[in-house]
Amino acid sequence: MTRDDMKLVFVAGPFTAPLPAEVAYNIRQARAVARIVASVSGLFPVVTHNLSDGLALIGDYEFWLCGAIAILRKSDAVVMVPGWQGSTGSTAAVTEARRLRIPIFEGDKLREQLLRWVTTSGK
């Protein structure tokens with residue numbers, strides 16, 4: 001594999017929450033999914049949750065959502081963090097991925113789904 005072969009996989013899941021401990025939990029969940037993505041040769045997880053570290057006070061919610069969607073548009077696939085359905089940002093990510101026909105993966109057998117996809121996709 002070369003760097004040109006690497007596929008970007010956007011990790012979409014809840015971020016905002018009423019309490020800092022809940023935000024920290026959401027970040028841990030996104031990172032756990034990112035580890036699954038990274039365990040598949042040829043895939044690189046893109047976790048926008050990590051971008052907030054030290055930068056959360058820059059820009060408002062719309063700023064972060066628009067930036068995340070811009071990154072998603074450059075991605076080859078999207079993986080969903082469990083519990084994403086209650087997240088406005090995650091719902092926007094799914095809507096945009098569907099519009100652009102970017103593959104979306106989620107569920108218990110995520111690694112197996114990604115392995116199948118990376119071995120059968122032509123890009």
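Let's start with the charges. A search of the whole structure turns up 2 salt bridges. Keep in mind that this is a predicted model.

Take Arg73 and Glu96. Their side chains meet in a salt bridge, 2.8 Å from N to O. This pair links distant parts of the chain. Arg73 sits in helix H2, residues 61–73. Glu96 sits in helix H3, residues 88–100. The two are 23 residues apart.

Now the other bridge. Glu96 also pairs with Arg99, and again the closest N and O atoms are 2.8 Å apart. This one stays within helix H3. Glu96 and Arg99 are 3 residues apart, about one turn of the helix.

So what do Arg73, Glu96 and Arg99 form together? A network of salt bridges.

How accessible is each member? Glu96 has 10% relative accessibility, so it counts as buried; the cut-off is under 20%. Arg73 is at 46%, which makes it partly exposed. Arg99 is exposed, because its relative accessible area is 55% and the threshold is over 50%.

Next, a pocket. I'll take the second largest. Its volume is about 150 Å³. Which residues line the second largest pocket? From the earlier part of the chain, Val33 and Ile36. Then a run from Met80 through Val81, Pro82, Gly83 and Trp84 to Gln85. Finally Glu106, Gly107, Asp108 and Leu110.

And the character of that lining? It divides into 7 nonpolar, 3 polar and 2 charged residues.

To recap: Glu96 is buried, and it is linked with Arg73 and Arg99 in a network of salt bridges. That's my part.

Conventions:
Residues are numbered from 1 along each chain as its sequence is written. This is a predicted model: local features need pLDDT of at least 70, side-chain atom pairs count only at pLDDT 80 or more; totals for chains, interfaces and linings use all residues. Side-chain values use heavy atoms; hydrogens and water are left out. On a 1 Å grid over the protein atoms alone, a cavity is a set of points where a 1.4 Å probe fits but cannot get out, and a pocket is an open set with protein on both sides within 12 Å along at least five of seven lines; lining residues have an atom within 4 Å of a point. Grid points are joined across faces, edges and corners, and a volume is the space filled by probe spheres set on the points. Ala, Val, Leu, Ile, Met, Phe, Trp, Tyr, Cys and Pro count as nonpolar, Asp, Glu, Lys and Arg as charged, and the others, Gly among them, as polar. A salt bridge is a side-chain nitrogen of Lys or Arg within 4 Å of a carboxyl oxygen of Asp or Glu. Helices (H or I, at least four residues) and strands (E, at least two) are DSSP runs, numbered from the N terminus. Buried means under 20% relative accessible area, exposed over 50%, partly exposed in between (1.4 Å probe, protein chains only).
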